[in-house]
Amino acid sequence: MENLILTSIENGVATLCLNRPDKLNALSRAMIYALAAAFEKVEEDKSVQAIVITGSGEKAFVAGADIAEFLSISKDEVLGLCAYVHDLFAQIENCTKPVIACINGFALGGGLELAMACHIRLASENAVLGLPETSLGIIPGYGGTQRLPAIVGKAKALEMILSAGKVNALEAKNMGLVSYVLPLADLHQKALALAQNMLKTDALARSEAIQAVNAHFDKHINGFQREIALFGECFGSDGFTQRVTAFLHKEK
Ligand code: COA
């Protein structure tokens, strides 16, 4: 069977590359299950401290759910698949290691939904982002109706979803949908550099910070209370004691 996810690990940063370039890395069911297995592996790997997700080839990150599978799948099956992908994307969003989406081209439908589940997004200059599902008679089903408004605001999200509109990389940056736009050739290196910069901080503190920020977007959680609890988990930890002692001793 072809290797749908290519995994590489460099200096504590794992890169997962969705590898189906002839179909613009579309999320077939097989691709979704392969991504789930690969993500779980690097999430559990103690040598991995940050994760980059990207697409194979020079044209696409992920061009969406696999449209070729749409007409052969029953409604019950598709609802089950949506629930499965929701769980997978929630796992990515709640991962306690930083997860960076490296958008190297088209990020449409499920591709943009995957990128939005990541903590940080950067895009190549040729990237095109959008949720075109309404043009196919459906709505985004992998979290897009929830995460896009959280990132760009309700009006811009509805405009994009209702018109099936696509934005280029610079427009995406201006909307806050991606943080950086770079030439394609520099994109992965920038993602690795961003990750390495984060790895200078304390691993427990990074993990607790992700959980605290995510709490802001969870309607069932009081984010301020959660922040206090997570702060308490950091305070007195080994990393905290070592880092504060080093500071007080003027060590680097
Ligand atoms: N699902 C399945 N196959 C897809 C796909 C998808 N979402 N997106 C692209 N592909 C396939 C194409 O069918 C084509 O396969 P083929 O060579 O066997 O015919 C191949 O990937 C290349 O795509 P193509 O359309 O020829 O490239 P393009 O440069 O002309 O157009 C896009 C690129 C992204 C604009 C176009 O492929 C597209 O609109 N894709 C669908 C995007 C979408 O609606 N996603 C949301 C789904 S809910």
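**Ligand site and domain interface**

In this predicted model, a nitrogen atom of the ligand sits 2.9 Å from a backbone N or O atom of alanine 65. A second backbone partner is isoleucine 67, with a polar backbone atom 2.9 Å from a nitrogen atom of the ligand. Lysine 59 brings in its side chain, where an N or O atom is 2.7 Å from an oxygen atom of the ligand. These pairs fall under polar contacts, meaning N or O atoms within 3.5 Å; inside the protein, one atom must be able to donate a hydrogen and the other to accept it, and residues adjacent in sequence count only if both atoms are side-chain atoms. On its own the ligand exposes 860 Å², and the protein buries 61% of that (Shrake-Rupley areas, 1.4 Å probe).

Zooming out a little, 15 residues surround the ligand, the closest being Lys23, Lys59, Ala63, Ala65 and Ile67; a residue makes this list with a heavy atom within 4 Å of the molecule. By class, the shell splits into 10 nonpolar, five charged and no polar residues (Ala, Val, Leu, Ile, Met, Phe, Trp, Tyr, Cys and Pro are nonpolar, Asp, Glu, Lys and Arg charged, and the others, Gly among them, polar).

As for the overall layout, the chain divides into domain 1 (5–198) and domain 2 (203–248), with bounds from an automatic or database domain assignment. Their centres, taken over C-alpha atoms, are 27 Å apart. Eight residues of domain 2 are in contact with 11 of domain 1 (heavy atoms within 4.5 Å). Between them the domains bury about 650 Å², 53% of it on carbon and sulfur atoms; this is the accessible area (1.4 Å probe) lost on putting the two parts together, summed over both. On the domain 1 side, the touching residues comprise four nonpolar, five polar and two charged. Polar contacts link four residue pairs across the two domains, both residues at pLDDT 80 or more.

Residues are numbered from 1 along each chain as its sequence is written. Local features need pLDDT of at least 70 and side-chain atom pairs 80 or more, while totals for chains, interfaces and linings use all residues, and side-chain values use heavy atoms, leaving out hydrogens and water.
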